[in-house]
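Trainee: Hey, got a minute to walk me through a structure? I'd like to ask things as they come up.

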Amino acid sequence: MSYSKKSIKDYIIADKQEAFFKLNSEVYTDPYLFNLEMEKIFYKGWIYLCHESQLKVPNDYLTTYIGEIPIILARTEEGKIVGLINRCRHRGSLVCRQQKGNSKFFRCPYHGWTYSNDGRLVGIPDSEGYPEQFNMEKLGLIKIPKLVNYYGFIFGSLSSDVPEFENYIGEAGKLLRLIAKKFPGGIEVLRGYHKYGIPINWKLAFENAVDHYHAPFVHESYFEAVGHNPGRRIDLRSKDLSLYLGKGHLVDLMFREYEIYEVDEKGSPWYLNNNNDLTEIEKKWASKITFHLAIFPNVIVFDVASPGPTIRVIRPVKVNYTEVYSYYYLPKNAPKEYKEKELRASLRFYGPAGMGTPDDLEVLKLATEGYKVKEKEGKYNDLSRGIHRDFRYHEILELVNAEMIGHGTDDTGYRGFYKWWAKIVFDEELDF
Ligand code: FES
Ligand SMILES: [Fe+2]
């Protein structure tokens, strides 16, 4: 079969009546598919870029990527956030090599062309060497066609004809709003972050962040160390929910108990007392749930008290290599003790020397090792958990209108994710 003839049926076999959903693990290893994903998902869709608090004051900037394309995000002197392609208009070098900083100008390291942080080309060494027709005004850094600040979360697109942002973010927007409004004064991303590269496909990193089923196994040693061992009674966790929100967004949602440092003497969390930014329904749910929100295709927001609140950004580099950036955030106006406890909880679990993330990485590498198996039946992953019990009604619908709901450890969210993926990558509706 030639590559050009590949269709979704080469990757997914599913039947709701017969209750099976099988994913060919070549979705994680096929370079052809990776290129298709870059083109259809990363270059034609919306991508999460950063949080506005990472560009706190005028002239703050940071660099990132959309797929392979290098990007600069900067807050101009006037306070406006702009997105620029990090490529010199002279002969192509990156103009900014730093990961973040504060500067009004970017001077290309190659021949010294200098751009202001709003993208204008403002200086050329020995400019007399250029002809009269040479027009500096036309040689500014290229702007990202679409940039949106949604409750402080900044998304962009390299394509000018993407669907409206509201259409893309859909129901996931309601949970982003909840995260942004839950703490009076909002949230703030901390300056330090962790970045690591792993020899796995980007989708594995994305999926793992909302995998409720793996926790008692992969993180057994962590739970033991913190004295909170849920045991292997997975059924105990089935009251939690796996939500598919539509548009490729999914949620691992847990019903929660408060950490002792979150509550006042009446047992009520400090941030919900006198919080006028939330609706009554948001308030009700904010006090009941905690969640991992995976927004298609590259960010997961961990709205959790323990391990602490994190924004995890996934950057696909090659079909079998992914970079992950873990940014930790805290409520701006939280009591000091709360901030300290939360930060420690984050580092204890997510940091490179933490007790959680290194175990995840190990098991994701083991899975990738297994994907070398190309045997006709043996190369399929099974995503049928809970397929017989997906349900459409739950009280949570008053907060967020999920398309599919499953028990916490079910594959409901993944089935939704791959349904959307099939639509975007192959332009085919999965008959499911
Ligand atoms: S490539 Fe940037 S100045 Fe020459
Ligand atoms: Fe994990």
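What follows is our chat about the metal site, one aspartate and the cysteines.

Mentor: Sure, but two housekeeping points before that. This is a predicted model, where local features need pLDDT of at least 70, side-chain atom pairs count only at pLDDT 80 or more, and totals for chains, interfaces and linings use all residues. Residues are numbered from 1 along each chain as its sequence is written, chains are lettered from A and ligands numbered from 1 in the order in which they are written, and side-chain values use heavy atoms, with hydrogens and water left out.

Trainee: Okay, which residues coordinate the iron ion (ligand 2)?

Mentor: His214 and His219 each use NE2, and Asp360 is listed with OD twice, at 2.0 to 2.4 Å. Donors here are N, O and S atoms within 2.8 Å of the metal (3.2 Å for Na, K and Ca), and water is not among the atoms, so sites may look incomplete.

Trainee: And how are those donor residues spaced in sequence?

Mentor: The pattern is H-x4-H-x140-D. His214 sits in the loop between α4 (202-208) and α5 (215-218), while Asp360 is in helix α9 (residues 357-370), so the pair links distant parts of the chain, 146 residues apart. Helices (H or I, at least four residues) and strands (E, at least two) are DSSP runs, numbered from the N terminus.

Trainee: Are His214 and Asp360 buried or exposed?

Mentor: Buried: His214 has a relative accessible area of 14%, and Asp360 has 5%. Buried means under 20% relative accessible area, exposed over 50%, partly exposed in between (1.4 Å probe, protein chains only).

Trainee: New topic. Where is Asp382?

Mentor: Asp382 is in strand β20 (residues 380-382), and is partly exposed at 43% relative accessibility.

Trainee: What does the Asp382 side chain make polar contacts with?

Mentor: One partner is the side chain of Lys22, at 3.5 Å, and another is the side chain of Ser384, at 2.7 Å. A polar contact is a pair of N or O atoms within 3.5 Å; within protein, one must be able to donate a hydrogen and the other to accept it, and residues adjacent in sequence count only if both atoms are side-chain atoms.

Trainee: Last one: how many disulfides?

Mentor: The structure has 0 disulfides, a disulfide being a pair of cysteine sulfur atoms within 2.5 Å.

Trainee: Why doesn't Cys96 have a bond?

Mentor: Because its closest cysteine sulfur, in Cys108, is 11 Å away, too far for a bond. Cys96 is buried at 4% relative accessibility, and Cys108 is buried at 3%.
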